[in-house]
Structure formats: C-alpha cells, structure tokens
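Open the model in your viewer and keep the selection tool at hand. This tour begins at one residue and then moves out to the chain.

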Amino acid sequence: MSSISNSNTNSLIISPRKLRYDLYSYQDEPDMPLVISVLAALIERHMARNERITRNCKWALVSKDAKTRVFEANEAPDMTIQSFLERIFRYTKAGASVYVVAYVYIDRLCQNYPAFKISPSNVHRLLITTIMVSSKYVEDMNYRNSYFAKIGGITTKEMNKMEMEFLFLMGFKLHVNVSVFESYCSHLEREVSIGGGYQIEKALRCAEEIKFRQNVDINPRYDHLSRITL
C-alpha cells in the first residue's frame, strides 16, 4: 500500500509522536486511536489506485478467486472507511495494536492473492473480518462473532463464513512477530511524519508484551519468574 495523499495528510493534522503514543500506551478509556485515521487514508489511497488501473475494465475489480469473493457485498455500505473504523472502535474499544495487526493481515492477503483488489464492495467486510481476527490474536478478552456481525451490519452466519474463509486464505498463519509489527508501525509513522524525521522506539511496551507472550508460550515458568521480578 502506498503513501497518503497530500490532501489527506493535511486534513489529518497529526504527528508521528502522537501515533507512537496511541500505539504503545494502554488506557482504560482511550481516545480514538490515531492509527484509525492513518489506516483509513492508506486503504482509501490503495482503492483509488485500483480504480484508476481498472477504470476501463470494471470486471477487474471483482475478485477472480472464488475464495476471496466471500468479502463481496451485493451493495456497498453507505459509510466511509474512516467512519466504519470509528464505529468498530466505538463499540469494541479495541487497542491500537489490533488495527496494526489487521493492516498486516490485509497486506499479506493482497500479496498472496494479487488478483484480489480492495474495492468499495469488499472493503467493509474485509475490515470487520481482519479486525475481529486480529482482536482474537492480540487481545486477552474478545466479543462474540455475533457482536462483530452487528457492528459490521451483517449476519452472524456471514461473519462466521468470512472468518473461516479468511483463515484458510491465510493458511492459518496469523502470527506477527515483533520485528514485523515494528516494521508496519514504522511504515504507519512514515505516512504521517513531515520529513520522516521520526523513528519507532525499540523498547516499547507493546513489543515487550508480544515478546512476553511468546516466552510464556515457550516456557510457562517465565510468567511466574517475571511476575516475581516486577
């Protein structure tokens, strides 16, 4: 996915330092994470590029792979990507890292299936699916699929089907290691930096928690020892 257009960047009026705070701070009642605006702008730009490429052959926007057609809606929701992401956050309060991991999943899907093009007819279903799966990977507690379905304006049956198809499309490879997570954070930071003068910090709380979970999975005693040292 390419960079945000100048008009979008100017309208956001945001800073990399604020994005870093959103990504790596944990609050009981967080404000709307800045990553939502950045992700929305990235996807909108990606869709605009797809539409320019396929302007003279509209059929190319429809996925040729039967598996990825699961995200196609008969009628595109009358809601901007920004508003849709804000709606998801408003009703789930998912942490900013959930959106970063969802972004990783979307990028992987596009790389693994080049014929798949994000479009107005599939973007909302793709987002609600990747964010739900990401939430299950990142968060300790999650809402039921039926709740996510209501947020996305679809049926529970559709939500379940999209989740299952997505897992198979990904080959059930949902792991996002620390280095990959940091690289995508860096990319998001570059999208909002003026002059690109900021770099992601290395010892950040979110990355540390991911490392901690990995160590616990490998050696349960690590959890006990770490709690003693805290």
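Select N145 to begin. You will find N145 in helix 7, which covers residues 145-152. Keep in mind that this is a predicted model.

Now show the surface around the residue. Is N145 buried or exposed? N145 counts as buried because its relative accessible area is 13%, and buried means under 20%.

Next, display the side chains of N145 and N160. A polar contact of 2.9 Å links these two side chains. Keep N145 on screen and add E163. Here the side chains of N145 and E163 share a polar contact of 2.8 Å.

Which residues does N145 touch once its neighbours within four places in sequence are set aside? Select M132, K136, M159, N160 and E163: these are its contacts. Two names should look familiar. N160 and E163 are also the partners in the polar contacts you just displayed.

Now zoom out and colour by secondary structure. How many helices and strands does the chain have? There are eleven helices and zero strands. Trace the chain from the N terminus, and each element you meet is an α element.

Switch to a colouring by burial. Of the 230 residues in the chain, 46% are buried. Then turn on the surface for the chain. Its accessible area is about 12,700 Å², and carbon and sulfur atoms hold 52% of that.

Last stop: contacts across the chain. Take those with a separation of 6 or more. Of these, 78% are between residues 24 or more positions apart.

Methods. Residues numbered from 1 in each chain as written. Predicted model: local features only at pLDDT ≥ 70, side-chain atom pairs only at ≥ 80, totals over all residues. Heavy atoms only, no water. Helix = DSSP H or I, 4+ residues; strand = E, 2+ residues; numbered from the N terminus. Buried < 20%, exposed > 50% of the residue type's maximum accessible area, 1.4 Å probe, protein only. Contact = heavy atoms within 4.5 Å. Areas by Shrake-Rupley, 256 points an atom, 1.4 Å probe, with all protein chains shown as cover. Polar contact = N/O pair within 3.5 Å; in protein donor to acceptor, adjacent residues only side chain to side chain.
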